[in-house]
Amino acid sequence: MNPFHFSKRPRAGALRLHAVVGLVMVAALGLVQPDSGHAATAFEPAQTVQGTQLVLNGSGTRYRAVFKVYDMALYTPRKVKALEELLALQGPVRLNFVAQRDIPGTDLGVSFIKGLANNSSAEQIRRYTPASNRLIEIFSGRPKLSPGETFAMEYLPGKGTTFYIEGQPQGAPLGDAEYFGMVLRIWLGSVPVDHQLKEALLR
């Protein structure tokens, strides 16, 4: 037997291993996106906010590379398929979230501010600096959100946006209709945090 002879056929197990590693690396590099269209959380089909019944417009999962960050649901007075339709609605709107991994509170607040900056004008960012600073304070006040813990954002016309963590309101409502539009654009704007999640929310 020639000690320097190697088989040209790799074993099937090695091929499978290389294939799995390759897919993980490709996904991590952003070349393949996980399916954000199917949230693990079974969100309720409807919710009532201040006497107004809202329907589940869509739900999905926010991914960072191949890792789940949170499940998200959009509740609206009626079904919409575009941001412009959503902004034209009269009545409350609610965003529900369920953490799918440990999320440091500071990271969450900073990621929201980054999403605001990516989809808003410099003038809007300047005008709503106090509201954005309060948003960072709300989430930075918690060391982290653990898997299964919830947070939410609820807009009421004429009152502003209230933020909730584990069902508890975090202070008085912030901003106005324009500010809530900026918040919505974090996920539904031209530079959303996750394009497939945007499609899932507006299906």
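Here is a short chat about the predicted model shown above.

Reader: Let's start simple: how many helices and strands does the chain have?
Author: The chain runs to 203 residues, and buried ones make up 41% of them. As for secondary structure, the count is 7 helices and 9 strands.

Reader: Since this is a prediction, where in the chain is confidence lowest?
Author: The mean pLDDT over the chain is 86, and 82% of the residues score at least 70. Strand β4 (residues 93–99) has the highest confidence, at 98. Over residues 13–32, though, the pLDDT is below 50, and that stretch has 9 contacts in the model beyond near neighbours in sequence. The lowest confidence is in α1, with a mean of 43.

Reader: What is the order of the strands in the open sheet?
Author: The open sheet holds 7 strands, and their pairing is antiparallel. Strands in a sheet pair through backbone hydrogen bonds, in either a parallel or an antiparallel way. Reading across this one, the order is β1-β2-β3-β4-β7-β8-β9.

Reader: And which strands stand at the edges?
Author: An edge strand here has a single partner strand, so one of its sides is left without a neighbour in the sheet. The two that fit are β1 (46–49) and β9 (168–169).

Reader: How does β1 connect to β2, and which turn residue has a positive phi?
Author: β1 runs antiparallel to strand β2 (residues 52–64), and 4 bridges join them. V49 has T52 of β2 as its bridge partner. The two strands form a hairpin with 2 residues between them, and the turn residue with a positive phi, about 50°, is Q50.

Reader: Over on the other side of the order, how many bridges pair β7 and β8?
Author: As one example of how they line up, E154 stands opposite T162 in β8. β7 and β8 pair in the antiparallel sense, and the number of bridges is 6.

Reader: Now the inside: which helix gives the most to the largest nonpolar core?
Author: That core has 39 residues, and Y70, L86, F112, F139, F151, W187 and L188 touch the most other members. The biggest giver contributes 8 residues, and that is helix α6 (residues 177–188). Apart from this core lies another, with V49, L56, A73 and L156 among its members, and its size is 9 residues.

Reader: I see lots of rings in there. How are the planes of F112 and F151 set, and at what angle?
Author: A search of the whole structure turns up 11 aromatic pairs. F112 and F151 form one that is tilted, with 6.4 Å from centre to centre. F112 is in helix α3 (residues 105–119) and F151 in strand β7 (residues 150–156), so this pair links parts of the chain 39 residues apart. Both residues are buried, and the angle between their planes is 50°.

Reader: What kind of aromatic pair do F139 and F163 form?
Author: F139 lies in helix α5 (residues 129–140) and F163 in strand β8 (residues 160–165), so the pair ties together parts 24 residues apart in sequence. F139 counts as buried at 1% relative accessibility, and F163 is buried too, at 2%. The centres are 6.4 Å apart with 85° between the planes, and the pair is edge-to-face.

Reader: Which residues form one aromatic cluster?
Author: The rings of both pairs we just discussed belong to it. The full list is Y70, F97, F112, F139, F151, F163 and W187.

Reader: Which residue lies over the face of Y164?
Author: Here a residue sits 5.1 Å from the ring centre. That residue is R94.

Reader: Is F43 buried or exposed?
Author: F43 is found in the loop between α1 (12–28) and β1. Leaving aside neighbours within four places in sequence, F43 is in contact with L56, S59, D71, M72, A73, Y75, N96 and V98. Of these, N96 is 53 residues away along the chain, yet the two C-alpha atoms are separated by 8.6 Å. The relative accessible area of F43 is 15%, under the 20% cut-off, so F43 is buried.

Reader: One last residue: which ones does Q124 touch, not counting those up to four places away in sequence?
Author: Q124 is found in helix α4 (residues 122–127). Its relative accessibility is 17%, so Q124 counts as buried. The residues it touches are E178 and M182.

Definitions and conventions
Residues are numbered from 1 along each chain as its sequence is written. This is a predicted model: local features need pLDDT of at least 70, side-chain atom pairs count only at pLDDT 80 or more; totals for chains, interfaces and linings use all residues. Side-chain values use heavy atoms; hydrogens and water are left out. A nonpolar core is a set of buried Ala, Val, Leu, Ile, Met, Phe, Trp, Tyr and Cys residues joined through side-chain atoms within 4.5 Å. Buried means under 20% relative accessible area, exposed over 50%, partly exposed in between (1.4 Å probe, protein chains only). Rings of Phe, Tyr and Trp (its six-membered ring) pair if their centres lie within 6.5 Å; planes under 30 degrees apart count as stacked, over 60 as edge-to-face and the rest as tilted. A charge sits over a ring if NZ of Lys or CZ of Arg is within 6 Å of the ring centre and within 35 degrees of the ring normal. Two strands pair if DSSP finds at least two bridges between them. Contact means heavy atoms within 4.5 Å. pLDDT is the predictor's confidence in each residue, from 0 to 100.
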